[in-house]
Structures are given as structure tokens and as C-alpha cells.
Amino acid sequence: MSTDLEFFFDPVCPFCWVTSRWVIEASRQRPLEVRWRPLSLAILNEETSYEERKKAAPEYPDSHQRGLEMLRVVHAARETAGSGCVGDLYTALGELVWNSEAPEGDDFNAVMHEMARQRDLRPALERVGLPADLADAATEEARDADLRDETREATDRCGGGVGTPILSFAPPDGPALFGPVIDSVPTGDEALRLWDAVETLARWRGFAELKRSLRSFPETPLTAKLARTDTGVR
């Protein structure tokens, strides 16, 4: 079966996490073949300054580094078991972060501290039947060249200037979009209505952009105290 969609992800992006859960919900109801691929926010932002983001949360760059470390493990797992393991591993890694208990503090810094915290990745690997020692790949910087190429490939498909998630339809030559950026996971018919709308726009020849800057914080167990509140997080 050909791949219908390539989904480029970073495990520490909350917007990406919520969008990915929606894609999984849609794929349960439609015969969609999804291939999951890395996109590193740390690599994407390595030539820009984190100074403005650090004003909002000092641990911003640390959280992106945690995402890069997880993606190195994803890269190692893909080498070992093939690309078919990546979606389940992303779920297991993402749940380590986003299914964590909400922190005591109710501000973004408290959430960011949890996002930036180093975690034992071995349980996530074991959960999906992969060798626990693949967690050692988190420190293997030699993997970054491949991750840089995939990050560049993903953003180039959209024309540049975008982040994660990226949905690439009928890859590698089909249309690709950044987003959708949503704050909660639609289910059932609502998930399909959103899927049909996004796919229609993506495949509409000449369509380029539809955007509003207002956004609210995604709804996850970790972000429960911030969910649905206005945010400037990007």
C-alpha cells in the first residue's frame, strides 16, 4: 500500500502532539497509510536566537534539546526495526511528556520545566517491543546530520518558514501543509470533518495559506491548568 500521508513530528511540541492524535483518530476511520518522520525543532532553530523565547520561559531551548534527544532514539529505532515502528514509538515517547501529571504551578514556566526535564526513555522503547539500550542513542550527535536532512526536507515541502507538525500528502511530490494547529483532539465524525477540510485545502491547486494568529494552549494532562487559555507559544 502506498503512503497517503507523511507526518513530521517533534515529541516535545504540544501542538504537534494534539494534531498527531487527531490524525490517528482519522486513520482509525479511513484507510489511511501514515508514515511518521522526525522534524527537530532544535535543529530548525539552531541558526536563530532563543533570547526572545527565553524571556517567556528560560528552559525553552532545553525542551527542544529533549526533543532532539528523543528523535535520535527514533532514528536509532528506525535503523533497527524499520520505519513501521516510528508511529508507536512517537506515541510512547509523547505520552512520557504529555500524559505527565500537571505541575503544581499554573503558569507556562512550570509546564516548560516538565517539558525540559530529562526522562528515562527505556520504558517507552520496551513498551513497543524495542531494545531498551536504544535509549543510549539520545546522546549520539552523529545522528543529527540525518535528522537535519529530514527537517530540511519537511520544511522545504512547505516552502520554508514553518515548524511542526507538517502534513505531507501523497509524498514526496504531493502537497504539504504546516498544521493544523488545534488545541484538542476531535473524535468521531468531527475528526473526519476536520480531515476532509484539511485534505481538501491541501490538494486544492494553488492554495497557499489560511491563518489566524490567535491560539490557545493544547489540552493534555500535563497542560491541564493552561488548556484552552490564550497563548503566544509557537
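Helix H4 is largely enclosed by the rest of the structure, because 16 of its 22 residues are buried. Buried here means under 20% relative accessible area, while exposed means over 50% and partly exposed is anything in between (1.4 Å probe, protein chains only). Helices (H or I, at least four residues) and strands (E, at least two) are DSSP runs, numbered from the N terminus. The model is a predicted one, so local features need pLDDT of at least 70 and side-chain atom pairs count only at pLDDT 80 or more, whereas totals for chains, interfaces and linings use all residues. Residues are numbered from 1 along each chain as its sequence is written, and side-chain values use heavy atoms, with hydrogens and water left out.

How far apart are the end C-alpha atoms of H4? They sit 32 Å apart, and that agrees with the 32 Å that 22 residues should span at 1.5 Å a residue. The expected span is 1.5 Å times one less than the number of residues in the helix. Just after H4 comes Gly82, with a positive phi of about 90 degrees.

Ser63 is a good place to look inside H4, which covers residues 60-81. With a relative accessible area of 1%, Ser63 counts as buried. Its side chain reaches back to the backbone oxygen of Tyr60, at 2.7 Å. That is a polar contact, meaning a pair of N or O atoms within 3.5 Å; within protein, one must be able to donate a hydrogen and the other to accept it, and residues adjacent in sequence count only if both atoms are side-chain atoms. Setting aside neighbours within four places in sequence, Ser63 is in contact with Val12, Met112, Met115 and Ala116. Contact, for the record, means heavy atoms within 4.5 Å.

H4 also packs against helix H8 (residues 144-158), at an angle of about 100 degrees and with the axes 10 Å apart. Axes are lines fitted to C-alpha atoms, for helices over the stretch in contact, and angles run from 0 to 180 degrees between N-to-C directions. This makes H4 roughly perpendicular to H8. The label covers 65 to 115 degrees; under 35 counts as roughly parallel, over 145 as roughly antiparallel, and the rest as oblique. On the H4 side, the contact is made by Leu68, Leu71, Arg72, His75 and Arg78, and H8 brings in Asp144, Asp146, Leu147 and Glu150.

Thr151 belongs to H8 too. Is Thr151 buried or exposed? At a relative accessible area of 3%, Thr151 is buried. A polar atom of its side chain lies 3.0 Å from the backbone nitrogen of Ser40, and one lies 2.9 Å from the backbone oxygen of Leu147. Beyond four places in sequence, Thr151 is in contact with Pro38, Leu39, Ser40, Ile43 and Leu44.

Helix H1 (residues 14-29) tells a similar kind of story. Of its 16 residues, 13 are buried, so H1 is largely enclosed by the rest of the structure. Those 16 residues should span 22 Å at 1.5 Å a residue, and the end C-alpha atoms are 24 Å apart, which agrees.

Now for the cores. A nonpolar core is a set of buried Ala, Val, Leu, Ile, Met, Phe, Trp, Tyr and Cys residues joined through side-chain atoms within 4.5 Å. The largest has 60 residues, and those with the most contacts inside it are Phe7, Phe9, Trp22, Val23, Trp36 and Leu167. Apart from it lies another core, of 6 residues, among them Leu39, Ala154, Val162 and Ala176. Leu167 touches, among others more than four places away in sequence, Phe7, Trp22, Val23, Ala176 and Pro180.

Some backbone oddities round off the picture. Most residues other than glycine have a negative phi, and most peptide bonds are trans. The bond from Thr164 to Pro165 is cis, with omega near 10 degrees, and Pro165 lies in the loop between H8 and strand S3 (166-169). The bond from Gly179 to Pro180 is also cis, with omega near 5 degrees; Pro180 is in the loop between strand S4 (176-178) and H9. Ala170 is not a glycine, yet has a positive phi of about 45 degrees. Ala170 sits in the loop between S3 and S4 and, at 34% relative accessibility, counts as partly exposed.
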